[in-house]
Amino acid sequence: MTPSLAAILPIIIPLTAAAVALLLRRNFRLQAAWAFGAMLTAFATSAYLLWTVWSTGRPVVYQMGLWPAPFGITIAADLLSATMAAMAQLVFVFGFIYALGAKDKAVRHSTFYPLFLCLVTGLSGGMLTGDIFNLFVMIELIVISGAVLTALSDDRYGPEAAYKYFLISTVASVCLLFGVGCLYVSYGTLNMADLAARIAADQAPALLPAAIVFLAVTFMIKSAVVPFHFWQPDFHTASPTPVSAMLSSVVVKIGVYGFLRMTTLLMPHADWLRAVLIALGIVGVIFGGLGAAGTHNAKRMFAYSTLAQIGFILIGIGWDTPLSLAAAILFTFNHALIKSTMLMLSGYLASRAPVKTASFGVLRGTGKYAPLAGVLFFVGGMALAGIPPTNGFISKLALFQSGVQAAQSGDVNATSAYWAPLLLLGISSIITLVYVFRALMKIWWEPFEPSSPEAKVKTDGDSLLAPGLMIAACVALGIWAQPLLQLAQDTSAWMRQPQAYVQAVLGERTSRLR
Amino acid sequence: MEIIKAISIGALFGIGLYQLLRRNVIRSAIGLSIISNAINLYLLSVGAYDGVVEAYAKAVGQRSDALPQALILTAIVISLGGFAFVLALLYVIAARYRTGDSDEVKGLSH
């Protein structure tokens, strides 16, 4: 296998497998086995891609149809893209394991696995592509497959949630197209590397700030940053559990990836964008924490908690020091693992509850019959709040340390830009602890009082295999954090040298012409 | 010519946004479709400013950029699929909630 082909395999494999899985719709077991096998293969290729990029130290670039870079569509995997894609596909492997053991009617639907594979395709494609219009196409693929998967949900409010999500996402897509149009009218190219080179050379076009604003709004809607978050708790509550676990953990990361690309590759000159990200991150951390503490539904609580965690990541991106970018990558990875575990555990409890819902009113006291889930929930809650020995602790520690370091090295005026966020971060960690243990107490400590004599806790629910494996991974990554930390630091070092990416995509010949 | 194009794109955006924000869910779906058409026109005007020269080209020449037209084709196909999906969802919502008022479609808000 030529190394450049490795860049496209993580996209092509799930896409082809989705089409084939649709043909296998008459035989459910075969379809599920096929989809899971394809997902494992795709993950193997993205892990291979990550390994190739990391060990050789050079981006892997694939030019579609062998058209040279600024004209054709480029698939470019630098360390950031490869890390994000491998992270997304790793979490999706666990999502497939959960879906295979789930009792939902939605996962038995003949289009569930093809759509789930399309979701992976869109996500990894969006993270690996080097073409900004291709990014739009991939994001649309995510939107439509996510919305259809939610409309299929067992929850009777599935179509309503899908409608809300689809409407707001289409507005986001319009913003993205508008931003793409602004960039094209100013620079005449859609290739991200070419754009980066041209923007660095000339920042005069009047439409450049408009493009930045529209792209930023798109990614804010995608990752549910606070003023654009309102669709997210509704949507994530109503989707089927395997889907909501993926949506709230890795699919929101496409926005984080977009911000990382914007602040380090495309528009590194836009300091005001970083200031906006820090401000919105702080608001998100507080608002998300308080929102989560006030909910009456376990899934909704974790959806709000995603707002807070995305806020932490945005603050890391906004600080823009080598360590804080590494912390943002680490946070992205660890949050994806933890949040999908917690949502899977909530879904597990809902599948055992007398009525299939994750609302605290129904779940109250049902934990007595699910002691193993209680242990996992406890460890996962500690990881979410950032208590050792879990991976949540490592990422929060890295973020705090980067802030302290930057505050000490900066001048007197700048230090307040670091101390105020740090203080709020500390407070919000306590809020995390409050809402996780509130849920723990409600579900496991309070007595079970059935609403009617027939209401009983079901003896079997969804499989606990996927959350169990993921909690094991969380603890393992908390104790043995070195490789992941090294990967995050290398990624941040790559991000601070965008010219290497530009050169790898455009090649020596084109850069000499310019 | 440019001014007519600019005004009509702006008007389509305005109408689409107004309809999108209406309470009726069917109106908001129509607003969505109008906005996607406005964005297509915008992309078209990006490619062939004044019908002849690309907006980003500094030198005057007799050519028109074909790339935005390819972008529009993609965007049209995507928005067509999306609109069909929205209509299907609206059918389910109308059958289940027996109303088109978005204030009444609020099963998730508690």
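Here is a short chat about how to read some features of this predicted model.

Me: Before I trust anything, what ipTM and pTM does the predictor give the complex?

Reply: The complex gets an ipTM of 0.89 and a pTM of 0.92. For chain B, the average pLDDT is 82, and 82% of the residues score at least 70.

Me: Where in chain B is confidence lowest, and where is it highest?

Reply: Lowest is H2(B), at a mean of 88, and highest is helix H1 of chain B, residues 2–20, at 90.

Me: OK, what is chain B built from, in helices and strands?

Reply: Chain B has three helices and zero strands, so its pattern along the sequence is written α-α-α. Of its 110 residues, 26% count as buried. As for contacts in chain B with a separation of 6 or more, 50% come from residues 24 or more positions apart.

Me: Now the interface. How many residues does each chain bring to the contact?

Reply: Chain A brings 28 residues and chain B brings 26. On the chain B side, helix H2 (25–47) and helix H3 (67–97) each supply at least two residues. H3(B) gives the most, with twelve residues.

Me: And what classes do the residues on the chain B side fall into?

Reply: The side of chain B that touches chain A has 19 nonpolar residues, six polar and one charged.

Me: How do I read a pair of packed helices?

Reply: Look for two things: the angle between the axes and the distance between them. Take helix H6 of chain A (residues 158–187) against H2(B): the angle is about 10° and the axes are 10 Å apart. Angles under 35 degrees count as roughly parallel, so H6(A) is roughly parallel to H2(B).

Me: Which residues make that contact between H6(A) and H2(B)?

Reply: From H6(A), they include A:Leu167, A:Val174, A:Phe178 and A:Tyr184. From H2(B), they include B:Leu32, B:Ile35, B:Ile39 and B:Tyr42. By class, the contact of H6(A) with H2(B) has twelve nonpolar, four polar and no charged residues.

Me: What about a pair inside chain A, say H3(A) and H20(A): at what angle do they pack?

Reply: Helix H3 (residues 79–100) and helix H20 (residues 482–495) of chain A pack at about 140°, with axes 8 Å apart. That makes H3(A) oblique to H20(A). On one side are A:Leu79, A:Leu80 and A:Thr83 in H3(A); they meet A:Leu487, A:Asp490, A:Thr491, A:Trp494 and A:Met495 in H20(A). The classes here are five nonpolar, two polar and one charged.

Me: A:Met495 makes me curious about A:Leu325. Why does A:Leu325 count as buried?

Reply: The cut-off is 20 or more other C-beta atoms within 10 Å. A:Leu325 counts as buried because it has 26 C-beta neighbours inside 10 Å. A:Leu325 is in helix H14 of chain A, residues 322–352. Leaving out residues up to four places away in sequence, A:Leu325 touches A:Gly316, A:Ile317, A:Asp320, A:Ser492 and A:Met495.

Me: How many residues of H7(A) are buried?

Reply: Eight of the ten residues in helix H7 of chain A (192–201) are buried, so this helix is mostly covered. Among them are A:Met192, A:Asp194, A:Arg198 and A:Ile199.

Me: Which residues touch the most other members of the largest nonpolar core?

Reply: That core has 222 residues, and A:Ala7, A:Val91, A:Leu117 and A:Leu349 touch the most other members. Beyond four places away in sequence, A:Leu117 touches A:Pro14, A:Ala17, A:Ala18, A:Ala21, A:Ala35 and A:Ala38.

Me: Last topic: backbone oddities. What is the usual picture?

Reply: Most residues other than glycine have a negative phi, and most peptide bonds are trans. A:Ala224 isn't a glycine, yet its phi is positive, about 55°. B:Arg98 isn't one either, and its phi is about 60°.

Me: Where are they, and is each one buried or exposed?

Reply: A:Ala224 is in the loop between helix H8 (208–222) and helix H9 (231–238) of chain A. It is buried, with 26 other C-beta atoms within 10 Å. B:Arg98 is in the segment after H3 of chain B, and B:Arg98 is exposed, with 8 other C-beta atoms within 10 Å.

Me: And which residues does the cis peptide bond join?

Reply: The cis bond joins A:Pro388 and A:Pro389, with omega about 5°. A:Pro389 lies in the loop between helix H16 (371–385) and helix H17 (391–409) of chain A.

Notes
Residues are numbered from 1 along each chain as its sequence is written. Chains are lettered from A and ligands numbered from 1 in the order in which they are written. This is a predicted model: local features need pLDDT of at least 70, side-chain atom pairs count only at pLDDT 80 or more; totals for chains, interfaces and linings use all residues. Two residues are in contact if their C-beta atoms, placed from the backbone, lie within 7 Å. Helices (H or I, at least four residues) and strands (E, at least two) are DSSP runs, numbered from the N terminus. Ala, Val, Leu, Ile, Met, Phe, Trp, Tyr, Cys and Pro count as nonpolar, Asp, Glu, Lys and Arg as charged, and the others, Gly among them, as polar. Axes are lines fitted to C-alpha atoms, for helices over the stretch in contact, and angles run from 0 to 180 degrees between N-to-C directions. Angles under 35 degrees count as roughly parallel, over 145 as roughly antiparallel, 65 to 115 as roughly perpendicular and the rest as oblique. pLDDT is the predictor's confidence in each residue, from 0 to 100. A residue is buried if 20 or more other C-beta atoms lie within 10 Å of its own, exposed if 12 or fewer, and partly exposed in between; C-beta atoms are placed from the backbone. A nonpolar core is a set of buried Ala, Val, Leu, Ile, Met, Phe, Trp, Tyr and Cys residues joined through C-beta atoms within 7 Å.
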